[in-house]
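Please look over the sequence and the structure shown here before reading the report on confidence, helices and cores.

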Amino acid sequence: MKNSKELTRDRQNKFQIYLGEREVDLLREKAESYGMTRSEYLRNLIVFGSVRAPSKLSDSQFQDLLNELNHIGVNINQIARRVNEARNADREDFDLLVLHYEQLMNLFRKWADF
């Protein structure tokens, strides 16, 4: 007879695997590096073929990030359009591109901590 813990599980099938000490250590290290249990890590490998780390961003933070990236991308596209139409880039265009590059790098550094 199944205990109450087994009855409340979504996953009813148990799978047993034999691993060597080094394999167990490696599995533990990799799972911990993603903030997952060993079972979560293995399920990710089975379902996705790789491990996807859970996002540390909330939905609103992710949306803010997308909005900022979109704004910078629009600015870069405007510069590219202007340069293509004029068939010439001047120092101001270059300086604007450097500015937007720095904005992108700052944005990545800001969100890298999440």
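The report below takes up confidence, then the nonpolar cores, and then one helix.

This is a predicted model, and the mean pLDDT of the protein chain is 83, with 89% of its residues reaching 70 or more. Confidence varies along the chain, and the table lists the elements with the lowest and the highest mean values.

| Element | Residues | Mean pLDDT |
|---|---|---|
| helix α1 (lowest) | 4-8 | 54 |
| helix α2 (highest) | 21-33 | 95 |

The largest nonpolar core is made up of six residues, namely L57, L65, I72, L104, L107 and W111. Two elements, α4 (59-86) and α5 (91-112), each give two or more residues to this core, and the largest share, three residues, comes from α5. When its neighbours within four places in sequence are left aside, L104 is in contact with L69, I72 and I76. A second core, separate from this one, has five residues, among them L27, A31, M36 and V51. In soluble globular proteins, nonpolar side chains tend to be buried together.

Turning to α4, its 28 residues should span 40 Å at 1.5 Å a residue, and because its end C-alpha atoms lie 41 Å apart, the expected and modelled values agree. Within α4, the buried residues include L65, I72, N75 and I79. An α-helix has 3.6 residues a turn, so residues three or four places apart point the same way. After α4 comes R87, whose phi is positive, near 55°.

Note on methods: Residues numbered from 1 in each chain as written. Predicted model: local features only at pLDDT ≥ 70, side-chain atom pairs only at ≥ 80, totals over all residues. Heavy atoms only, no water. pLDDT = per-residue confidence, 0-100. Helix = DSSP H or I, 4+ residues; strand = E, 2+ residues; numbered from the N terminus. Core = buried A, V, L, I, M, F, W, Y, C linked by side-chain atoms within 4.5 Å. Buried < 20%, exposed > 50% of the residue type's maximum accessible area, 1.4 Å probe, protein only. Contact = heavy atoms within 4.5 Å. Expected span 1.5 Å × (residues − 1).
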